[in-house]
Amino acid sequence: RAATGALCNLVTCEPILEAIDNGTDAGKRHVRIFLVLSQSEDTDTVRYAASALANLAAFPPAALLVAEGEGFGLKKLVGLLSYGVAEIVHPAAHALAALCGREGGTLVSGDWYPPADKAKAWTKIMLDEGILPPLLLLQANLVASHPAQPIVIVLLENLNVWWQTPLSAAQAISLKTSSECSQALHTWMTVTNDESDEIE
């Protein structure tokens, strides 16, 4: 846990970013280790790893490794949205929002956004990995002052632009574009609704 925290503090130091930018094996390992640590059973370790991934997603060469590297980063980040701990949900949502940013949209990582073809491909993977139900649940339950709330809205807006997905749970239910999808969403939200109370 302490080692993960120390690594998190060093994640944006120049030698590490340079190794990632140069595509070295060391740079790739640096990104991959945080993806692995994000799946730890220790909450603090996951929190540190999620924060590191949010910082890495703001650096284009690292973002590419998170999204397309060997660590299945998009799947892992989507899974963290259901963790139920604000200090984990917020950076995970931040990382995902950075990876689906678009020209003209709200950017969460400075002035960087991925090429349109990358953003559309990555958002498709996010949807395939089940990002929509936890996002809609968060949008419906987070108070406006919660730090993750504006990031969740950005994510939903970007998904809507790329794939015409609903912007809210109410809209998802009213649209009923797919009875199977609607039923899956309803089941997921019913099962996990109580868990959302843990996110403060």
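Phe72 sits in the loop that joins helix H5 (60-68) to helix H6 (73-80), where helices (H or I, at least four residues) and strands (E, at least two) are DSSP runs numbered from the N terminus. Phe72 is not a glycine, yet its phi is positive, at about 55 degrees. With a relative accessibility of 59%, Phe72 counts as exposed; the cut-offs are under 20% relative accessible area for buried, over 50% for exposed and partly exposed in between, with a 1.4 Å probe and protein chains only. Gln164 has a similar story to tell. Gln164 is found in the loop between H10 and helix H11 (169-175), and here too a residue that is not a glycine has a positive phi of about 55 degrees. Gln164 counts as exposed as well, at 58% relative accessibility.

A word on the ground rules. The model is predicted, so local features need pLDDT of at least 70 and side-chain atom pairs count only at pLDDT 80 or more, while totals for chains, interfaces and linings use all residues. Residues are numbered from 1 along each chain as its sequence is written, and side-chain values use heavy atoms, with hydrogens and water left out.

On to the overall picture. The protein chain holds twelve helices and zero strands, so the pattern read along the sequence is just α-α-α-α-α-α-α-α-α-α-α-α. Of the 200 residues in the protein chain, 46% are buried.

Helix H4 makes a handy check on geometry. The expected span of a helix is 1.5 Å times one less than its number of residues. For the 14 residues of H4 (residues 43-56) that should come to 20 Å, and the end C-alpha atoms are indeed 20 Å apart, which agrees. The buried residues in H4 include Thr45, Val46, Ala49 and Ala50, and Ala52, Leu53, Ala54 and Leu56 are buried too. Arg47 and Tyr48 make a pair of their own: the charged end of Arg47 sits over the ring of Tyr48, 4.8 Å from its centre. For that label, NZ of Lys or CZ of Arg must be within 6 Å of the ring centre and within 35 degrees of the ring normal. Tyr48 also ties back to the start of the chain, where Gly5 lies in helix H1 (residues 2-10). Gly5 and Tyr48 are 43 residues apart in sequence, but their C-alpha atoms are 5.6 Å apart in space. Gly5 is buried, at a relative accessible area of 9%.

A charge over a ring turns up again with Lys120, which lies over the face of Trp163 at 5.0 Å from the ring centre. Aromatic pairs, on the other hand, come to zero. The rule there asks for ring centres of Phe, Tyr and Trp (its six-membered ring) within 6.5 Å, with planes under 30 degrees apart counted as stacked, over 60 as edge-to-face and the rest as tilted.

Next, the empty space. Rolling a probe the size of a water molecule over the atoms shows where such space is left. On a 1 Å grid over the protein atoms alone, a cavity is a set of points where a 1.4 Å probe fits but cannot get out, and lining residues have an atom within 4 Å of a point. Grid points are joined across faces, edges and corners, and a volume is the space filled by probe spheres set on the points. The structure has one cavity of 30 Å³ or more, and the largest cavity holds about 40 Å³ of space. Its lining consists of Ala97, Ala98, Gly101, Thr106, Leu107, Val108, Ser109, Trp112, Val154 and Asn158. Helix H7 (86-99) and helix H10 (149-163) each supply at least two of these residues. The lining divides into six nonpolar, four polar and no charged residues, with Ala, Val, Leu, Ile, Met, Phe, Trp, Tyr, Cys and Pro taken as nonpolar, Asp, Glu, Lys and Arg as charged, and the others, Gly among them, as polar.

Asn158, one of the lining residues, lies in helix H10 and is buried, at 1% relative accessible area. Its C-alpha atom is 6.8 Å from that of Gly101, although 57 residues separate the two along the chain.

Further contacts of this kind link other helices. Met126, in helix H8 (residues 116-128), counts as buried at 0% relative accessibility. The C-alpha atoms of Met126 and Leu96 are separated by 8.5 Å, with the two positions 30 residues apart in sequence numbering. Helix H9 (residues 132-141) is mostly covered, with seven of its ten residues buried: Leu132, Pro133, Pro134, Leu135, Leu136, Leu137 and Leu138. Leu136 lies 8.6 Å, C-alpha to C-alpha, from Ala172, which is 36 residues away in sequence. Ala172 belongs to helix H11 and is buried, with a relative accessible area of 10%.

How values were computed: 1 Å grid on protein atoms, 1.4 Å probe; cavity = no way out; pocket = protein on both sides within 12 Å on 5 of 7 lines; lining within 4 Å.
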